[in-house]
Amino acid sequence: MPVEDRRPRGQDGGGEHDGSLAAAPTIMAWTPRDRYWPATVLAVVGLGVAAAMALFGLPGVDLHPITHRWGIMDPLCGGTRAARYTMVGDLGQAWRYNPLGIVVVMGAALAIVRAGYGAATHRWLTLQWSVLPLRTKRLVFALAVLAVVALEIRQQGRAELLMAGTGL
């Protein structure tokens, strides 16, 4: 026997109600297994490296591409210093070098919290990009490209800072 929706009209979240109880698909869902375990491993390794830099300082090797020596910055320039500053709690300096460093460190921390919760409850928060309409996916992609271009312009404007010593 079908289940009847007993809510009065107008309280079902939108317009006419067709009688079905099927919920609209959502971008976030709980799943019984971790589909993103490689991201968790990467987050643990990345935060471990950032914590080591916070304790022992920046690496003694030059991590820059050859274009850096020519004064051509990329969107990742300053990211190592920004990650280190984020780990020691100096978000102002982290932002000065590269705001992406703050985003990456905080995202890695959230990935680890997600993994801990999932391991404890056997319920994993999962993003379901497949439920998004193609138009929305294109918009997200276009905004991401725009953000990378804006970051590249920002970092190029800070070439002198990024090419100078770290002061750490």
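# Close-up views of a predicted model

**View 1. A salt bridge joins the side chains of D34 and R114, with 2.8 Å from N to O.** D34 belongs to the loop between β1 and α1, and R114 to helix α5, so the contact ties together parts that are 80 residues apart in sequence. The structure shown is a predicted model. Both D34 and R114 are buried. The count of salt bridges in the model comes to 1. Side chains of opposite charge can pair when their charged atoms come close.

**View 2. The protein chain combines 7 helices with 2 strands.** Along the sequence, these elements follow the pattern β-α-α-α-α-α-β-α-α. The protein chain has 168 residues, of which 25% count as buried. Among contacts with a separation of 6 or more, 68% are between residues 24 or more positions apart. The exposed area of the protein chain is about 11600 Å², and carbon and sulfur atoms supply 68% of that area.

**View 3. Strands β1 (residues 28–31) and β2 (residues 124–127) pair in the antiparallel sense, over 4 bridges.** Two of the facing positions can be picked out by residue: M28 has L127 of β2 as its bridge partner, and W30 stands opposite L125 of β2. In a regular strand the side chains alternate between the two faces of the sheet. In β1, A29 and T31 make up the covered face, while M28 and W30 make up the uncovered one. β2 also alternates: W124 and T126 are buried and point to one face, whereas L125 and L127 point to the other and are not buried.

**View 4. I27, M28, Y36, L127, W129, V131 and V140 make a nonpolar surface patch of about 560 Å².** One of its members, M28, is found in strand β1. How exposed is M28, by relative accessibility? The value for M28 is 43%, so this residue counts as partly exposed, between the limits of 20% and 50%. Two members of the patch, M28 and L127, are bridge partners across the strand pair. M28 is on the uncovered face of β1, and L127 is on the face of β2 whose side chains are not buried.

**View 5. M73, C77, A82, Y85, A94, Y97, I102, A159, L161 and L162 form the largest nonpolar core, with 10 residues.** At least two residues of this core come from each of α3 (79–87), α4 (91–97) and α7 (159–163). Which helix gives the largest share of the core? That helix is α7, with 3 residues. A second core, separate from this one, has 7 residues, including A43, M53, A83 and V105. In soluble globular proteins, nonpolar side chains tend to be buried together.

**View 6. Helix α3 has R81, A82, A83, R84, Y85 and T86 as its buried residues.** Which helices do these buried residues pack against? Their packing partners are α1 (37–56), α4, α5 (99–121) and α7. Two of the buried residues of α3, A82 and Y85, are members of the largest nonpolar core, while A83 is part of the second core. Just after α3, G89 takes a positive phi of about 90°.

**View 7. Q155 is found in helix α6.** Is Q155 buried or exposed? Its relative accessibility is 0%, so Q155 counts as buried. Apart from neighbours within four places in sequence, Q155 is in contact with M73, D74, P75, C77, Y97, N98, P99 and L162. Among these contacts, M73, C77, Y97 and L162 are also members of the largest nonpolar core.

**View 8. A147 lies in helix α6, which spans residues 134–157.** With 45% relative accessibility, A147 counts as partly exposed. Where the C-alpha atoms of A147 and P75 are concerned, the separation is 9.8 Å, for residues 72 apart along the chain. P75 is also one of the residues in contact with Q155.

**View 9. H122 lies in the loop between α5 and β2.** Its phi is near 60°, a positive value in a residue other than glycine. Most residues other than glycine have a negative phi. The relative accessibility of H122 is 57%, so this residue counts as exposed.

Conventions: Residues are numbered from 1 along each chain as its sequence is written. This is a predicted model: local features need pLDDT of at least 70, side-chain atom pairs count only at pLDDT 80 or more; totals for chains, interfaces and linings use all residues. Side-chain values use heavy atoms; hydrogens and water are left out. A nonpolar core is a set of buried Ala, Val, Leu, Ile, Met, Phe, Trp, Tyr and Cys residues joined through side-chain atoms within 4.5 Å. Buried means under 20% relative accessible area, exposed over 50%, partly exposed in between (1.4 Å probe, protein chains only). Patches are made of residues with over 30% relative accessible area and no salt bridge: like charges are joined within 9 Å, nonpolar side chains (Val, Leu, Ile, Met, Phe, Trp, Tyr) within 5 Å. Accessible areas come from the Shrake-Rupley method with a 1.4 Å probe; for residues, only the protein chains shown count as cover. A salt bridge is a side-chain nitrogen of Lys or Arg within 4 Å of a carboxyl oxygen of Asp or Glu. Two strands pair if DSSP finds at least two bridges between them. Contact means heavy atoms within 4.5 Å.
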